[in-house]
Amino acid sequence: MRQPTRRQVAAFADRMTGAWRARQPDDAEPTRPALDAELERRLGTLDTRLDHLEAALEGLQDALYRESVRGDETRAELHERTDPDHIARELSADARRRGL
């Protein structure tokens, strides 16, 4: 099973946010029946949990980005250190230091 990409996760989050906002119009309709207290409580709880999940998702995205940047830097450093010209220069400098 493939893991969703960052773009897919962001698109899904946008769709969920849009769907949630569409359920709560800006102007309350006066003819709309009042929600019972239990439903109000459950929606409030759900809203709180959704806020928590959004914050956790943003934190995860930030952590993944930082790890990706760190990995890129490590690979670039390794590539530079294993470059044949660089190795030759280091060996030559070492030989000169040792008087060989």
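**Salt bridges and surface of a helical chain**

R70 is partly exposed, with a relative accessible area of 46%. This residue offers a convenient way into the structure, which is a predicted model. The side chain of R70 meets that of E67 in a salt bridge, with 3.0 Å from N to O. E67, for its part, is also partly exposed, at a relative accessible area of 46%. Both residues lie in helix α2, and because they are 3 residues apart, about one helical turn separates E67 from R70.

The overall layout can be set out next. The chain contains 3 helices and 0 strands, and reading along the sequence gives the pattern α-α-α. Of the 100 residues in the chain, 5% are buried. The area exposed by the chain comes to about 9400 Å², and 55% of this is supplied by carbon and sulfur atoms.

What is the total of salt bridges in the whole structure? A search finds 6 of them. As general background, side chains of opposite charge can pair when their charged atoms come close. Besides the pair already described, helix α2 holds a salt bridge between R41 and E38. Here the closest N and O atoms are 2.6 Å apart. R41 and E38 are 3 residues apart in the helix, which means that about one helical turn lies between them. Is R41 buried, partly exposed or exposed? With a relative accessible area of 48%, R41 is partly exposed. E38 is likewise partly exposed, and its relative accessible area is 40%.

Helix α2, which covers residues 37-81, is also where E54 is found. Which residues join E54 in a negative surface patch? The patch is formed by D47, D51, E54, E58 and D62. A residue needs over 30% relative accessible area and no salt bridge to be part of such a patch. E54 has a relative accessible area of 32% and therefore clears the area cut-off, while counting as partly exposed.

Helix α3 spans residues 84-98. How far apart should its ends be? At 1.5 Å a residue, the 15 residues of the helix should span 21 Å, and the end C-alpha atoms are indeed 21 Å apart, so the expected and computed values agree. Just after α3 comes G99, which takes a positive phi of about 75°.

Within α3, a salt bridge brings together the side chains of R97 and D94, at 3.5 Å from N to O. Because R97 and D94 are 3 residues apart in this helix, about one helical turn separates them. The two partners fall into separate exposure classes: R97 is exposed, with a relative accessible area of 62%, whereas D94 is partly exposed, at 26% relative accessibility. Salt bridges with shared partners also bring in R98, joining D94, R97 and R98 into one network.

Definitions and conventions. Residues are numbered from 1 along each chain as its sequence is written. This is a predicted model: local features need pLDDT of at least 70, side-chain atom pairs count only at pLDDT 80 or more; totals for chains, interfaces and linings use all residues. Side-chain values use heavy atoms; hydrogens and water are left out. Patches are made of residues with over 30% relative accessible area and no salt bridge: like charges are joined within 9 Å, nonpolar side chains (Val, Leu, Ile, Met, Phe, Trp, Tyr) within 5 Å. Accessible areas come from the Shrake-Rupley method with a 1.4 Å probe; for residues, only the protein chains shown count as cover. A salt bridge is a side-chain nitrogen of Lys or Arg within 4 Å of a carboxyl oxygen of Asp or Glu. Lys and Arg count as positive and Asp and Glu as negative; His and the chain ends are not counted. The place of a charge is taken as NZ of Lys, CZ of Arg, CG of Asp or CD of Glu. Helices (H or I, at least four residues) and strands (E, at least two) are DSSP runs, numbered from the N terminus. Buried means under 20% relative accessible area, exposed over 50%, partly exposed in between (1.4 Å probe, protein chains only). The expected span of a helix is 1.5 Å times one less than its number of residues.
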